[in-house]
Amino acid sequence: MSGSPTLPDVWLKRLTEAFETAGAPHSSESLLDAALEQALDLLPGASGEVWFAGPDDGLPDLQVSSGAWRRAREERRGAVHRTLQRHAPRSVHPEPGLFDEGLLLFPFRGTGEVHAALVVEVPGAHAVTREQRLALQTLTDHLAAHLSRRSPGNESSRLRHLGQAAVRINEIQGLQATLDVITEEARALIGAHQAVTSLTVSADWAQAVTAVSMSDKYAPWQSYAVPPDGSGIYALVCQGNTPLRLSQAELEAHPRWRAFGPHAQAHPPMRGWLAVPLVGRDGQNIGLIQLSDRFTGDFTAEDQDVLVQLALVAAARVENARLYDVAQEELRRREQVERDLRALNDGLERRVNERTQQLEVAARQLQDQVNALDGFVAFHEAVGTQTDVLALVQQAAGVIRASLAHVSVAYYERESGLWKARVWSEDILPHVVAQIQAGVPEDAPDFARAVQSEAPVFIDGWEADANSLSSTASYGAVALTPVSTPGGLRGMLAVGTQDARVWTDREQAIVRSVGRSLELALERAEVTSRLQAQNAVLEGFAHLTRDLATQRDPLVIVRRAQEVMLSLLPAGYALYYTPDAGRWRNRVQVGDVGHRDLQAFIDAGPLIGLTPTVDVPWQSRAPYYQDQYARGSDTPPELVTHVSTAASLPVVVRDEVVGVLVMVLFQGRPWTSTDRVVLETVVGSLGLALERAESVALLAQRTEQLESSNAELARSNAELEQFAYVASHDLQAPIRAVTSFASMISRRNGEQLDERGQLYLRHIIDSGEHMKNLVDDLLAFSRLHTQQLAVQPVDSRRVFDTVLHRLSAVPGNEQAQITRTDLPLVLADRQQLDQLLQNLIGNSLKYRRADVLPRVHVSAEADGRMWRFAVKDNGIGIDPRYFDKIFVIFQRLHGRDVYEGTGIGLAVCKKIVERHGGRLWVESTPGEGSTFYFTLPQAPA
Ligand code: ADP
């Protein structure tokens, strides 16, 4: 600063202070303000302002202003303009305190051209002393020098400023704040009135204006925010990511400059333009910084360089800020998610706790079940397919003792009002065994309670005396489990522990489980043994039935029954007694009786009435079971010490007891219901088989009788036939002799005889004739039996025609009408068929009604595999009473004087038809006519 002797020291001091305090990098305006304030301090009542030369039109621009002006701003601008013009060429050293148009004007000297001035309006301006003017000019010179040092052209200051700006920009968080600072710093750094930072929002380079910084000069637009579209000049900057620096004239001449059009009001007027792109890390444009209206002159290349530097920092910062915002957003989102999660978690935790508790309960239950299942499985593995009750109980006891430490187990069964131990674990002391074997009364309270509840009873704190089991006093806790099957209560499983007086859940579960398993196993055993018994019985029956069906000997049948029974029972023997002269005779025996003397006793025949085992069922007709054989009742007891069990059953045939079957077992064994069913069923079958055998025997006997009488008959028949044949054959010659000699006598000597002699002779001839017919017919009949049948397909129509021809020739038949339908082909002996038709049609003609023209019609109809022929006449008919009789040989209904005949014809017909496998019968109405039907086999087609 070049000092001035006329400037009071105090001013300088104050001015320097003001410059110092206003020395903040971005506040040229406040520097001007401070200078103006100092200036006005010298001239009381004055108004003052600082004008800078405008860049293009030459009109000065107002920078700062203070005081109450009399003249309007435009008027002042004009005065300043004219004064500066007047002193043009702008002198480097113009006159200090130019006074013009009522204004004092102090030009900024020393910067080459005068482009700014401090302007003061003061009432009574002429009173301003020269000292005052010099002082103000000195002040102005200081200001100019200071500004010039601070001006954007000052490299080191700018670099420092850029560094500070970068620091400030980097200190800010958040996108909007960052953009605001960038814009502010850019305007201050370069020294311009307008700065705008906008961000690219779309591919066509449309921008969102996000930060605006305006000096006081553009106060009305400080909140301007009209977003430019993508087609303006700045799009060039974004597109190419290249800075653009234009004077106002260049700007307006630029083809992409589109002015503001309808937005002119909203937009501050432009005055030169510097725009640099904001380029992202990836080289993509993210926006631009625009400056307009440089404080002094146009934007320089240096401005551009500096702004590009700032833009580098700014772009990075914007991206960071954006990321920061995104991160913040993400953070907020995460926090929200976290809050939501926490809320969820709280609920979840509560639910998890609840569920955990439930699961714990379930787990405990499960454990109980597992315990129970373990017992169950162990038991089932142990028993396998075992079906013996006591063996099963033994296994159950073993499983319980393996699962529960230090327990004793006993299994009781009921017997005559007592619970008696049948199985017990080996740890039980002898005196205790003795007591439990002897039995506990059924009404012992805990036993009774278990029976009544039909469920295990767990007694914590066992009272031995109360249950009549004083010897078990050392047991602290006892469990009584009733064991039942569908057949009813089977036993009582008792478990005792000396260790504790209380049962735990687990122990209870195991006891229950094994108890239940035992029940199931017993049930299975029952079912199995029942099935086995049934199977065995069924098999036995199958054998028995098969054997018995082919057997006729009753004793063999009894033996089979005994064998079947013994095969289904434990070792023993079977006897079958029938009564015989006051003694029981052992008729069939299976198995050794096991004692020689006993066998001798049996063979000798025990006395009826002194042998209850046999007597009782014989008398009562009911089975007699001795679970424990009454030794000595039947025999001397010493003979049967080895016999334990007996059953004797009556064998009933046709409702009559025929014998007693005795089953004897060596082993002691109650007769079970299955045993009884088996025994009774087998004995029942035995009775039926015997009955059947009897019937078969009877039948055989009858058949034999019949066969022999048949043979006899056949023999006599044959003899008879032989006789008939011989007789008729041998009779023919003498008969012929008698008749021919009688005829001869009649012819030759008939006239010599008197009337009586002639009558006798005629009788002889007639009888001879009849005799001849008889013999002929008889011969024909007997021949039917001896002759072989020559069966072949025969056309019955032709046979009929032959017969018709023959009969028509017989005198008296000339008028008769003998007709037929179309007759079939039959399987027959032609000659016999001829004889059959001859006899039937002949009879129809013979037994005609007087005065009625005889009519005979022969027809045939199919009847299954036969033809049914009908020979129908209109003769005298036959009384139904004689329908059978007429087919019997020699049976006639009329005297020979009325109708000639031998009574053989129909018998011959019947024989013929029957020999062909057919049938002959008659239907008739006396006085109307008869129809004879016969059937013959059809000839194969
Ligand atoms: P016969 O030699 O008497 O004809 P058959 O055995 O042929 O002997 O007949 C037995 C009897 O059946 C005859 O005596 C007759 O009374 C009766 N008879 C048979 N055919 C006829 C018929 N077509 N009409 C009525 N009666 C008949």
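Is Trp-618 buried, partly exposed or exposed, and what is its relative accessible area? In this predicted model, Trp-618 has a relative accessible area of 24% and is therefore partly exposed. Its ring partner, Trp-584, is buried, because its relative accessibility is 1% and the cut-off for burial is under 20%.

Aromatic pairing offers a good way into the structure, which holds 11 such pairs. One of them joins Trp-419 and Phe-447, with 6.4 Å from centre to centre and 35° between the planes, a tilted arrangement. Trp-419 belongs to strand β12 (residues 418-424) and Phe-447 to helix α12 (residues 445-453), so this pair links distant parts of the chain, 28 residues apart. Both Trp-419 and Phe-447 are buried. The rings of Trp-584 and Trp-618 have centres 5.3 Å apart and planes at 70°, which means that this pair is edge-to-face. Because Trp-584 sits in strand β18 (residues 583-590) and Trp-618 in helix α16 (residues 612-620), the pair ties together parts that are 34 residues apart in sequence. Ring pairs also link Tyr-412, Trp-419 and Phe-447 into a cluster.

Helix packing can be followed in a similar way. Helix α18 (residues 755-786) packs with helix α21 (residues 905-915) at an angle of about 15°, and their axes are 10 Å apart. The angle makes α18 roughly parallel to α21, and the crossing of the two is left-handed. On the α18 side the contact is made by Phe-781, Leu-784 and His-785, while α21 supplies Ala-907, Val-908, Lys-911, Ile-912 and Arg-915. The residues of this contact comprise 5 nonpolar, 1 polar and 2 charged.

Terms used:
Residues are numbered from 1 along each chain as its sequence is written. This is a predicted model: local features need pLDDT of at least 70, side-chain atom pairs count only at pLDDT 80 or more; totals for chains, interfaces and linings use all residues. Side-chain values use heavy atoms; hydrogens and water are left out. Axes are lines fitted to C-alpha atoms, for helices over the stretch in contact, and angles run from 0 to 180 degrees between N-to-C directions. Helices (H or I, at least four residues) and strands (E, at least two) are DSSP runs, numbered from the N terminus. Angles under 35 degrees count as roughly parallel, over 145 as roughly antiparallel, 65 to 115 as roughly perpendicular and the rest as oblique. A crossing is left-handed if the near helix is turned anticlockwise from the far one by less than a right angle, and right-handed if clockwise. Contact means heavy atoms within 4.5 Å. Ala, Val, Leu, Ile, Met, Phe, Trp, Tyr, Cys and Pro count as nonpolar, Asp, Glu, Lys and Arg as charged, and the others, Gly among them, as polar. Rings of Phe, Tyr and Trp (its six-membered ring) pair if their centres lie within 6.5 Å; planes under 30 degrees apart count as stacked, over 60 as edge-to-face and the rest as tilted. Buried means under 20% relative accessible area, exposed over 50%, partly exposed in between (1.4 Å probe, protein chains only).
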